[in-house]
Amino acid sequence: MTNPPRLTVYRSRLDGQPVTVRGDACPMCGRPDLEPHEIPGDGRIVVWTTIHIPPARYADEAPYTVAMVELEGGVRIMGRLIGEAGRELGARVRLQCVDPERGPIFEPVNPP
């Protein structure tokens, strides 16, 4: 069995605030000493939309769905949502993979 994929976020050594995109400094405390930290990719959909008129580089993939996902621990991240199920607010999703071109790709988690 393989380990489930994980997301890399960055945390300030001063306040521990997780940020999803590495910048020059923590947006909360301003410190430049961000360190990578892996977190599980399980969460819930906060908002979603289906893209019908995409940027030119993704034209062949339309329509596709993107969602803002609140991960366990409170970090929010935008990613693609695959599959037809689970397109509702609060639906549980899990990280399927992180595509180098498209970013995080989530799939619905079937309710128990």
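This passage describes the nonpolar core, the aromatic contacts and a surface patch of a predicted model.

The interior is a good place to start. The largest nonpolar core holds 14 residues, and among these Leu7, Leu71 and Phe106 touch the most other members. At least two residues of this core come from each of strand 1 (6-12), strand 5 (64-71), strand 6 (76-81) and strand 7 (92-99). Strand 5 is the leading contributor, giving three residues to the core. In soluble globular proteins, nonpolar side chains tend to be buried together.

Attention turns next to the aromatic rings. One aromatic pair was found in a search of the whole structure. Its partners are Tyr58 and Tyr64, which meet edge-to-face, with 6.2 Å from centre to centre and 75 degrees between the planes. Tyr58 and Tyr64 are both buried. Arg80 joins the two tyrosines in this picture: its charged end sits over the ring of Tyr64, 3.8 Å from the ring centre, and also over the ring of Tyr58, 5.1 Å from the centre of that ring.

The surface offers a nonpolar feature of its own. Val47, Trp48 and Leu89 together make a nonpolar surface patch of about 290 Å². Within this patch, Trp48 belongs to strand 4, which spans residues 42-51. Trp48 counts as partly exposed because its relative accessibility is 32%, a value between the 20% limit for buried residues and the 50% limit for exposed ones.

Key:
Residues numbered from 1 in each chain as written. Predicted model: local features only at pLDDT ≥ 70, side-chain atom pairs only at ≥ 80, totals over all residues. Heavy atoms only, no water. Patch = residues over 30% accessible without salt bridge, like charges linked within 9 Å, V, L, I, M, F, W, Y side chains within 5 Å. Areas by Shrake-Rupley, 256 points an atom, 1.4 Å probe, with all protein chains shown as cover. Salt bridge = Lys/Arg side-chain N within 4 Å of Asp/Glu carboxyl O. Helix = DSSP H or I, 4+ residues; strand = E, 2+ residues; numbered from the N terminus. Buried < 20%, exposed > 50% of the residue type's maximum accessible area, 1.4 Å probe, protein only. Phe/Tyr/Trp six-rings, centres within 6.5 Å; stacked < 30°, edge-to-face > 60°. Lys NZ or Arg CZ within 6 Å of the ring centre and 35° of its normal. Core = buried A, V, L, I, M, F, W, Y, C linked by side-chain atoms within 4.5 Å.
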